[in-house]
Amino acid sequence: MKILIVEDETLLADSLRDLLEARGFETEVVCDGESGAAYAELGVYDLVILDVMLPKLDGWQAARQIRARRCGVPILMLTARSGILDRVEGLNAGADYYLSKPFDTRELLACVNALLRRQGKQVDELCYGNTSLDLSAGTLSCEGGRVQLSAKEFGVMRQLMQARERLVSKEALLERVWGYDSNAVENHVEVYAGFLRKKLRSIGSNLRIEAVRRLGYHLEVDGE
């Protein structure tokens, strides 16, 4: 799962990122409402955590812009403005839930999981062939063993496991795993595909990462 954090308080943004990544989520942080709306509209995020008091566009304006573009990504709005009129404003702007600062991290995680379950996206494991990807532990396993993945390996493998035999372009992998504003290039994807092939072989997986020249990658199961 990939979560976009739109928060201009650096310490809070870093804390949210650390908290969520420790739970197996991938995160990306932007610090103004205009960038937040633009990133959300890419359609690569499973959830947006959106502050209200932001430069350029406030959270309410950003949420309205996201919804105006017919983007249905769940929005969890965070703010110190906890009055009833503020909450109503946030919900009317398109937020799915409104959490007041300061908040308990347990409540935040419960809200995140509830919103992802509502979208049918909160799962603990992806399976294909004889192989499983544990989304909380970041491990790849089958009867032959288990191996820990790095953050980028995990991101690439998750995209491939979700797509299965469907082709995933290198451009899509760069956007979803490295991020919209990353300087990574297609060669980075090729390198990590190579790392994953070695790790799949090391545990006796029957999955193969197949490359389609100039198009991208997909998974195949040996013997099928």
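**Group meeting: cysteines, cores and a three-stranded sheet**

Let me open with the cysteines. The disulfide count comes to 0 by the distance rule used here. Take Cys31: no disulfide includes Cys31, and the nearest cysteine sulfur, in Cys71, sits 20 Å away. Cys31 counts as partly exposed, since its relative accessibility is 47%. Now Cys142. Its closest cysteine sulfur belongs to Cys127, and at 11 Å that is too far for a bond. Cys142 is buried, because its relative accessible area is 14%. As a reminder, a disulfide is a covalent bond between the sulfur atoms of two cysteines.

One caveat before I go on. This is a predicted model.

Next, the sheet. It has 3 strands, it is open, and the order is β10-β12-β11. The pairing is antiparallel. Which strands stand at the edges? They are β10, residues 168-169, and β11, residues 207-212. Each has a single partner strand, so one side of each is left without a neighbour in the sheet.

Look at the β11 and β12 pair. Strand β12 covers residues 216-221, and 6 bridges join it to β11. Within that pair, Arg208 stands opposite Glu220 of β12. The loop between β11 and β12 holds Arg214. Arg214 is not a glycine, yet its phi is positive, about 65°. Is Arg214 buried or exposed? It counts as exposed, because its relative accessibility is 75%.

Two helices lie across this sheet. Helix α6, residues 151-163, lies across β10, β11 and β12. Its angle to β12 is about 60°. Helix α8, residues 186-202, lies across β11 and β12. The angle of α8 to β11 is about 155°.

Staying with α8 for a moment: His188 is in that helix. His188 counts as partly exposed, since its relative accessibility is 34%. For a sense of distance, His188 and Asp104 are 84 residues apart along the chain, and their C-alpha atoms are separated by 38 Å.

Between α8 and β11 there is a loop, and Ser205 is in it. Ser205 is buried, because its relative accessible area is 13%. What does the side chain of Ser205 make a polar contact with? The partner is the side chain of Thr131, at 2.6 Å. Leaving out residues up to four places away in sequence, Ser205 touches Asn130, Thr131, Cys142 and Leu200. So Cys142 comes back here, as a buried residue with a relative accessible area of 14%, and in contact with Ser205.

Now a second antiparallel pair. Strand β9 covers residues 145-148, and 4 bridges join it to β8. A hairpin makes the connection from β8 to β9, through 2 residues. Ser141 has Arg146 in β9 as its bridge partner.

On to the nonpolar cores. The largest has 31 residues. Which of its members touch the most other members? They are Leu133, Leu140, Leu149, Met157, Met161, Leu207 and Leu219. The elements giving two or more residues are β6 (125-128), β8 (139-142), α6, α7 (170-178), α8, β11 and β12. Helix α6 gives the most, with 6 residues.

Leu140 is worth a look in the viewer. Leaving out residues up to four places away in sequence, the list of residues it touches is Thr131, Ser132, Leu133, Gly145, Arg146, Val147, Leu149, Met157, Leu200 and Ile203. Apart from this core lies another, of 23 residues, among them Val6, Val30, Leu54 and Met77. In soluble globular proteins, nonpolar side chains tend to be buried together.

Last, the backbone. Most residues other than glycine have a negative phi, and most peptide bonds are trans. Here are the cases to check. A cis peptide bond joins Lys101 and Pro102, with omega about -10°. Pro102 lies in the loop between β5 (97-100) and α5 (105-118). Then there is Arg164, in the loop between α6 and β10. Its phi is positive, about 55°, although Arg164 is not a glycine. Arg164 counts as partly exposed, because its relative accessibility is 35%. Arg214, already mentioned, has a positive phi of about 65°.

That's my tour. Over to you.

Key: Residues numbered from 1 in each chain as written. Predicted model: local features only at pLDDT ≥ 70, side-chain atom pairs only at ≥ 80, totals over all residues. Heavy atoms only, no water. Pairing = 2+ DSSP bridges. Helix = DSSP H or I, 4+ residues; strand = E, 2+ residues; numbered from the N terminus. Contact = heavy atoms within 4.5 Å. Axes fitted to C-alpha atoms, helices over the stretch in contact; angles between N-to-C directions. Buried < 20%, exposed > 50% of the residue type's maximum accessible area, 1.4 Å probe, protein only. Polar contact = N/O pair within 3.5 Å; in protein donor to acceptor, adjacent residues only side chain to side chain. Disulfide = S-S within 2.5 Å. Core = buried A, V, L, I, M, F, W, Y, C linked by side-chain atoms within 4.5 Å.
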